[in-house]
Amino acid sequence: MPNTHLIDIETDSNQLIINAFAVATISGSAGWEAILRGKHVLIFGRPWYSSCKTSHIINDNTDIIDTLKHIKTSNYEQNMEYTRSFINKIEGKTFDAFIGNVYFDGNKLSYKNLINSFANNLNKYLNSLNN
């Protein structure tokens, strides 16, 4: 396909996002990283950040074409305003957690501390919903 390139897996994804016109993802963190950099994101899944105005859920070919046309008329300042607005909207509705073994070093005490931290943060969040 023209203008399509296979990129080495060791390539810095931040640099790819910075240089991208837009980012396409199923539901990965690259989408959020792109939003934080004022980029539009074509989403083929349902990630937590999909309600940000620079996120575009893609269901079919028409969505892709319409989204790319829209992106061409957008500007960085407005994209960043959408990002700030989205962050303000979700602020206070999140809590620290961990994903899989990213922070687990194999030590049972460390794992227990991670679980306790997650449980405490989840309890704080759930209690805040009742207030």
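Thr-67 lies in helix H3 of this predicted model. The residue is buried, with a relative accessible area of 9%, which places it under the 20% limit used for burial. Setting aside neighbours within four places in sequence, Thr-67 is in contact with Leu-42, His-56 and Ile-58.

One of these contacts, His-56, makes a good second stop. His-56 lies in strand S3 and is buried as well, at a relative accessible area of 12%. Beyond residues up to four places away in sequence, His-56 touches His-40, Val-41, Leu-42 and Ile-43, together with Thr-67, His-70 and Ile-71. The first four of these can be placed in strand S2, which covers residues 40-43, while Thr-67, His-70 and Ile-71 fall within helix H3, residues 61-72. His-56 therefore touches residues of both a strand and a helix, where contact means heavy atoms within 4.5 Å. Asp-66 is 10 residues from His-56 in sequence, and the two C-alpha atoms are 9.9 Å apart in space.

The strand that holds His-56 belongs to a sheet worth following in the viewer. The sheet is open and has 3 strands in the order S1-S2-S3, with parallel pairing. Strands S1 (22-25) and S3 (55-57) stand at the edges; each has a single partner strand, so one side of each is left without a neighbour in the sheet. On average, neighbouring strands are turned by 20° against each other, direction ignored. Strands S1 and S2 pair in the parallel sense over 4 bridges, and Ile-43 in S2 is the bridge partner of Thr-25. Helix H3 packs on this sheet and touches S1, S2 and S3, with its direction at about 175° to that of S2.

Stepping back to the whole chain, the secondary structure comes to 5 helices and 3 strands. From the N terminus on, the elements run α-β-α-β-β-α-α-α. Of the 131 residues, 24% are buried. Among contacts with a separation of 6 or more, 33% join residues 24 or more positions apart. The accessible surface comes to about 9700 Å², and 54% of that surface belongs to carbon and sulfur atoms.

In soluble globular proteins, nonpolar side chains tend to be buried together. In this model, the largest nonpolar core has 11 residues: Ile-17, Ala-20, Val-23, Trp-32, Ala-34, Ile-35, Val-41, Ile-43, Tyr-49, Cys-52 and Phe-86. Helix H2 (29-36) and strand S2 are the elements that give two or more residues to this core. The largest share, 3 residues, comes from H2. Ala-34 offers a handy view of how the core is joined to its surroundings: not counting residues up to four places away in sequence, Ala-34 touches Ile-17, Val-23, Lys-39 and Val-41.

Charged side chains complete the picture. A search of the whole structure finds 1 salt bridge, in which the side chains of Arg-84 and Glu-81 meet at 3.4 Å, N to O. Both residues lie in helix H4 (residues 76-90), 3 residues apart, or about one turn of the helix. Arg-84 is partly exposed, with a relative accessible area of 42%, and Glu-81 is also partly exposed, at 39%.

Terms used. Residues numbered from 1 in each chain as written. Predicted model: local features only at pLDDT ≥ 70, side-chain atom pairs only at ≥ 80, totals over all residues. Heavy atoms only, no water. Pairing = 2+ DSSP bridges. Axes fitted to C-alpha atoms, helices over the stretch in contact; angles between N-to-C directions. Buried < 20%, exposed > 50% of the residue type's maximum accessible area, 1.4 Å probe, protein only. Areas by Shrake-Rupley, 256 points an atom, 1.4 Å probe, with all protein chains shown as cover. Core = buried A, V, L, I, M, F, W, Y, C linked by side-chain atoms within 4.5 Å. Salt bridge = Lys/Arg side-chain N within 4 Å of Asp/Glu carboxyl O.
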